[in-house]
Amino acid sequence: MSGIGPVEPGEDTLVREAPPPRPRGRLARACARHRRTLLVCGAALLVPAGGGYLYASRPQPSPPPPPPYPSQAVDLVYMAPATGSPGPAADGFTFTVLLSVRSGPPVTVTRLTQPYDGLSATTSPAAPFQTNSHSARKIIVTLRVTECEKAPRNPGLPFLDVTLRNTRAIEAHSFILGARYAHDLSRTLEAACGKDSR
């Protein structure tokens with residue numbers, strides 16, 4: 001040997017690469033034969049599964065806030081004695097109130113009463129009736145004295161009990177109608193029962 005350089009193999013001394021090992025078992029041989037088809041099918045299954053996961057895990061929009069409770073959306077205001085009824089009468093007291101719905105869904109008045117045993121109340125329109133959002137309705141209320149002994153002597157803060165319903169809840173709520181209503185109701189009770197009947 002002479003010279004400088006890498007050692008070269010001699011004749012018939014080339015190293016042959018061993019063939020890849022053959023898979024053992026029927027399933028392994030079938031997978032090896034159809035490897036390309038299996039890869040395409042696997043990719044076809046993974047893409048919709050990944051898309052479904054991404055769709056299911058997307059951020060959900062927050063639900064809209066619930067509508068207000070009916071008592072939070074309604075105002076009831078004493079207006080005046082009803083037209084044709086200049087003041088208290090011996091048989092009763094007729095007056096108007098204004099029911100306003102400020103916001104939310106329509107509100108239904110299912111009942112309107114007063115708390116005293118000696119008085120009865122009727123309304124026009126008769127309950128139940130509905131008032132739409134952002135609107136107002138005049139209600140004519142007639143109070144009649146049924147028993148002077150059970151009627152209040154001097155109602156300081158008289159109120160009306162109103163049962164309200166909307167899509168969120170049903171509520172019984174008491175509305176204080178103010179000093180003018182208290183004064184007019186006291187005059188009605190005096191006219192119906194007299195000052196000294198109690």
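## Two open sheets and a helix in the open

Let us start in the middle of a sheet: the bridge partner of Ala 80 in E2 is Thr 96. E2 is the label of a strand, and labels of this kind come from DSSP runs numbered from the N terminus, helices being H or I runs of at least four residues and strands E runs of at least two. What you are looking at is a predicted model, in which local features need pLDDT of at least 70 and side-chain atom pairs count only at pLDDT 80 or more, while totals for chains, interfaces and linings use all residues. Residues are numbered from 1 along each chain as its sequence is written, and side-chain values use heavy atoms, with hydrogens and water left out.

Now step back for the overall plan. The protein has four helices and eight strands. Read from the N terminus, the order of its elements is α-α-α-β-β-β-β-β-β-β-β-α. Of the contacts in the protein with a separation of 6 or more, 67% are between residues 24 or more positions apart, a contact being heavy atoms within 4.5 Å. Buried residues, meaning those under 20% relative accessible area, make up 26% of the 198 residues; exposed means over 50%, and partly exposed lies in between (1.4 Å probe, protein chains only). The protein exposes about 13900 Å², and carbon and sulfur atoms supply 57% of that area. Accessible areas come from the Shrake-Rupley method with a 1.4 Å probe, and for residues only the protein chains shown count as cover.

Among the helices, H2 is a good place to pause. It covers residues 35-56, and its 22 residues should span 32 Å at 1.5 Å a residue; the end C-alpha atoms are 31 Å apart, which agrees. The expected span is 1.5 Å times one less than the number of residues. How many of the 22 residues of H2 are buried? The number is zero, so H2 lies largely in the open.

Back to the strands. One open sheet has four strands in the order E1-E2-E6-E4, with antiparallel pairing. Its edge strands are E1 (74-81) and E4, each of which pairs on one side only. Neighbouring strands here are turned by 30° against each other on average, direction ignored; the axes are lines fitted to C-alpha atoms, for helices over the stretch in contact, and angles run from 0 to 180 degrees between N-to-C directions. Two strands count as paired if DSSP finds at least two bridges between them. E1 and E2 run antiparallel and are joined by seven bridges. Next along, E2 (residues 93-101) and E6 (residues 135-145) pair in the antiparallel sense over nine bridges. Thr 96, which we met as the partner of Ala 80, also stands opposite Ile 140 in E6. On the far end of the order, E4 (residues 119-124) and E6 pair in the antiparallel sense over six bridges, and Thr 123 stands opposite Val 141 in E6.

Follow the chain out of E4 and you meet some backbone details. Most residues other than glycine have a negative phi, and most peptide bonds are trans. Ser 124 and Pro 125 are joined by a cis peptide bond with omega about 5°, and Pro 125 is found in the loop between E4 and E5 (129-131). Pro 128 has its place in that loop between E4 and E5, and the peptide bond from Ala 127 to Pro 128 is cis, with omega near 5°. In the loop between E5 and E6 comes His 134, which is not a glycine yet has a positive phi of about 60°. Is His 134 buried or exposed? With a relative accessible area of 65%, it is exposed.

E5 leads us to the other open sheet, where four strands take the order E5-E3-E7-E8 with antiparallel pairing. E5 and E8 (170-176) stand at the edges with a single partner strand each, so one side of each is left without a neighbour in the sheet. The twist averages 35° from one strand to the next. E7 (residues 159-165) and E8 run antiparallel, joined by seven bridges; Val 162 stands opposite His 173 in E8.

We finish in E7, with Leu 164. Leu 164 counts as buried because its relative accessibility is 0%. Leaving aside neighbours within four places in sequence, its contacts include Pro 70, Val 107, Ile 170 and Phe 175. Ser 71 is another contact of Leu 164: the two are 93 residues apart in sequence and 7.0 Å apart in space, C-alpha to C-alpha.
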